[in-house]
Structures are given as C-alpha cells and as structure tokens.
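Morning, everyone. I have one structure to walk through today. Please take a look before I start.

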Amino acid sequence: QVFRMGPYPEGTNNVGEFLAIVHALAWMKEKNLALPVYSDSENAIAWVKAQKCRTKLIQTARNAPLFELIARAEQALKMLETGRVLKWDTKAWGENPADFGRK
C-alpha cells in the first residue's frame with residue numbers, strides 16, 4: 001500500500017474511488033512517474049476526467065471533512081494528467097485489490 005485513508009462518515013464508494021484516483025495521480029506527479037491508474041468505478045473515472053465530483057451526497061456537518069477533501073481534489077485535478085486513468089477489467093482480472101474484498 002502506498003497510501004490509505006478513511007473511513008469517512010457518510011462517505012460513498014464512488015467518492016472514495018474518486019479521491020483515491022486523484023491521490024494516486026498527485027503522488028505519481030510528485031514522483032515523476034507515468035503509470036496507469038486503474039479503478040472499477042466508471043463514475044469516479046468520469047468525475048476525474050470532468051474534474052468535478054458529481055456525488056449526490058448532501059454535505060452535512062458530519063461529512064464536512066470529506067467535502068473539504070473533495071474540494072482540494074477538484075483543485076488538484078487542474079494540474080494533473082488524467083489520461084492514464086483506466087477502467088479495471090473485473091471480469092478478466094477479478095476484483096480490484098484496492099476494494100479490500102468489500103464488493
């Protein structure tokens with residue numbers, strides 16, 4: 001594991017996947033690496049490419065720290081290369097190890 005965060009109150013799988021992708025992209029930029037980032041979340045991949053987390057989760061005092069992370073991630077995406085974000089092929093490769101067997 002390179003990094004691990006959470007769980008966050010009221011967080012969703014798609015928000016978690018979105019944040020993980022952005023974190024991976026930022027880490028790779030810092031390390032000057034050009035590797036693919038895989039996710040099995042089509043929503044998170046689309047949000048990253050749009051540079052906007054389109055969660056339907058409603059912000060509350062309880063999940064405010066999560067929304068702060070989302071805002072920081074959206075800002076970071078303006079400076080990150082998102083072309084290497086790819087869809088994990090669950091059918092061919094099995095469950096994504098990053099899901100920790102929770103699917």
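Which residues does Asn 14 touch, not counting residues up to four places away in sequence? There are four of them: Ser 41, Asn 43, Ala 44 and Trp 47. Before I build on that, one caution: this is a predicted model.

Stay with Asn 14 for a moment. Asn 14 sits in helix 1. Is Asn 14 buried or partly exposed? Its relative accessible area is 26%, so Asn 14 counts as partly exposed. Now look across to Trp 93. Asn 14 and Trp 93 are 79 residues apart along the chain, and 20 Å separates their C-alpha atoms.

Let's step back to the whole chain. We have four helices and two strands. Walk along the sequence and the order is α-β-α-α-β-α.

What about overall size? The C-alpha atoms fill a box of roughly 40 × 30 × 25 Å, taken along the principal axes. The radius of gyration is 13 Å. A compact globule of 103 residues would come out near 13 Å, so the two agree.

Next, contacts. Take those between residues at least 6 apart in sequence. Of these contacts, 72% join residues at least 24 apart.

Now the outside. The accessible surface comes to about 6900 Å². Carbon and sulfur atoms account for 53% of that surface. On charge, count 15 positive side chains and 11 negative ones. The centres of the two sets lie 3 Å apart.

And the inside? Buried residues make up 33% of the 103 residues. Here is a general point to keep in mind. In soluble globular proteins, nonpolar side chains tend to be buried together. In this chain, the largest nonpolar core has 22 residues. Which members touch the most other members? They are Phe 18, Leu 19, Ile 21, Leu 25, Val 48 and Ile 70. Three elements each give two or more residues to this core: helix 1 (13–31), helix 2 (42–50) and helix 3 (64–77). Helix 1 gives the most, with eight residues.

Pick out Phe 18 on your screen. Leave aside residues up to four places away in sequence. Phe 18 then touches Ala 44, Trp 47, Val 48, Lys 52, Cys 53, Ile 70, Ala 73, Glu 74 and Leu 77. Ala 44 and Trp 47 should sound familiar, since Asn 14 touches them too.

Thr 82 is worth a stop as well. Find Thr 82 in the loop between helix 3 and strand 2 (85–87). Is Thr 82 buried or exposed? Its relative accessibility is 16%, and the cut-off for buried is under 20%. So Thr 82 counts as buried. Beyond its neighbours within four places in sequence, Thr 82 is in contact with Leu 25, Val 48, Lys 49 and Leu 77. Leu 25 and Val 48 were on our core list a minute ago.

Last topic: backbone angles. Most residues other than glycine have a negative phi. Two residues here are worth checking against that. Glu 10 has a phi near 65 degrees, a positive value. You will find Glu 10 in the segment before helix 1. Glu 10 is partly exposed, at 33% relative accessible area. Then there is Gln 51, with a positive phi of about 60 degrees. Where is Gln 51? Look in the loop between helix 2 and helix 3. Gln 51 is partly exposed too, with a relative accessible area of 34%.

That's my tour. Over to you.

Notes. Residues numbered from 1 in each chain as written. Predicted model: local features only at pLDDT ≥ 70, side-chain atom pairs only at ≥ 80, totals over all residues. Heavy atoms only, no water. Rg over C-alpha atoms; globule rule 2.2 N^0.38 Å. Buried < 20%, exposed > 50% of the residue type's maximum accessible area, 1.4 Å probe, protein only. Contact = heavy atoms within 4.5 Å. Areas by Shrake-Rupley, 256 points an atom, 1.4 Å probe, with all protein chains shown as cover. Lys, Arg positive; Asp, Glu negative; His and termini not counted. Charge placed at Lys NZ, Arg CZ, Asp CG, Glu CD. Core = buried A, V, L, I, M, F, W, Y, C linked by side-chain atoms within 4.5 Å.
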